Amino acid sequence: MNTTTLIDFDTLVEQHNREIFAYLWRMMRDPQDAEDALQETFLRAFRGFPRLEDHANLRAWLYKIATNVAYTRLKKRNRQNSRTIDLTEFTPIATTDNLEQRDQLEAVLQFVEKLPHKQQAALMLRNYQGFNYEEIGEALDCSPESARANVYQAVKKLRHQFSEERS
């Protein structure tokens with residue numbers, strides 16, 4: 001790998017480091033796991049960077065790698081009987097005195113974690129990372145229509161879940 005390639009990769013890391021970490025944190029719900037996944041994401045990206053085509057969407061490519069790393073780690077964690085997460089560590093709203101808001105947030109987070117991985121990732125990429133459906137499709141290795149369907153199904157399931165709870 002030549003010096004120019006290393007500089008380009010360093011720039012890529014600097015540009016996307018924070019947003020990829022935020023995405024991984026939302027997927028994994030644990031800052032240390034997210035940090036480990038971030039390191040693995042950029043290690044895999046570094047290895048594949050020289051083989052990328054010039055017209056590649058680098059942001060979507062990084063999210064695709066991050067999503068795959070997160071899926072692998074989540075599966076491993078689930079097999080190891082993952083620990084229960086105390087949401088007060090991770091959500092500013094959880095520190096408020098409004099117990100009803102905290103309970104609602106906790107319920108939403110728990111239900112989102114139960115969504116199929118592709119729906120969960122599509123929902124997070126759309127609502128938290130600001131991706132359009134084409135970018136989501138690239139990141140999740142599916143068509144834009146499939147990306148739209150995954151977001152739609154995730155939202156539909158969340159709405160259904162919470163309309164049942166209110167009844």
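**Figure 1. The second largest pocket of this predicted model.** Let's start with an open space in the fold: the second largest pocket has a volume of about 290 Å³. Its lining is made up of 16 residues, and R29, L105, V108, L109 and Y128 are the ones that lie nearest its centre. Helices α1, α4, α5 (117-127) and α7 each give two or more residues to this lining. Which helix gives the largest share? That is α4, with five residues. If you are wondering how such a space is found, rolling a probe the size of a water molecule over the atoms shows where empty space is left.

**Figure 2. A closer look at helix α4.** Helix α4 covers residues 99-114, 16 residues in total. From its first C-alpha to its last the helix reaches 23 Å, close to the 22 Å expected at 1.5 Å a residue. Which residues of α4 are buried? They are L109, F111 and V112. Viewed down the axis of α4, the buried residues fall within an arc of 165 degrees, so they line one face of the helix. Turned away from that buried side is a face with the exposed residues L99, E100, D103 and K114. You have already met L109, which is also among the residues nearest the centre of the second largest pocket.

**Figure 3. R29, in the loop between α1 and α2.** Here we visit the loop that joins α1 (3-28) to α2 (31-48), where R29 lies. R29 is not a glycine, yet its phi is positive, at about 60 degrees. For background, most residues other than glycine have a negative phi. Is R29 buried or exposed? R29 counts as buried because its relative accessibility is 6%, and the cut-off for buried is under 20%. R29 also appears in Figure 1, as one of the residues nearest the centre of the second largest pocket.

**Figure 4. D141, in the loop between α6 and α7.** D141 is found between α6 (133-140) and α7 (144-166). This residue, too, has a positive phi of about 60 degrees without being a glycine. How accessible is D141? Its relative accessibility is 57%, so D141 counts as exposed.

**Figure 5. L52 and its contacts.** L52 has its place in the loop between α2 and α3 (58-79). With a relative accessibility of 23%, L52 counts as partly exposed. Leaving out residues up to four places away in sequence, L52 touches L58 and W61.

**Figure 6. Q119 and its contacts.** Q119 lies in helix α5. With a relative accessible area of 9%, Q119 is buried. Which residues does Q119 touch, not counting those up to four places away in sequence? They are N150, Q153, A154 and K157.

**Figure 7. The whole chain, to place the close-ups.** Stepping back, the secondary structure comes to seven helices and zero strands, giving the pattern α-α-α-α-α-α-α along the sequence. Of the 167 residues in the chain, 38% are buried. Among contacts with a separation of 6 or more, 64% are between residues 24 or more positions apart. The chain exposes about 10,200 Å², and carbon and sulfur atoms supply 47% of that area.

How values were computed. Residues numbered from 1 in each chain as written. Predicted model: local features only at pLDDT ≥ 70, side-chain atom pairs only at ≥ 80, totals over all residues. Heavy atoms only, no water. Helix = DSSP H or I, 4+ residues; strand = E, 2+ residues; numbered from the N terminus. Buried < 20%, exposed > 50% of the residue type's maximum accessible area, 1.4 Å probe, protein only. Contact = heavy atoms within 4.5 Å. Areas by Shrake-Rupley, 256 points an atom, 1.4 Å probe, with all protein chains shown as cover. Expected span 1.5 Å × (residues − 1). Arc of directions from axis to C-beta. 1 Å grid on protein atoms, 1.4 Å probe; cavity = no way out; pocket = protein on both sides within 12 Å on 5 of 7 lines; lining within 4 Å. Points joined across faces, edges and corners; volume = space filled by probe spheres on them.
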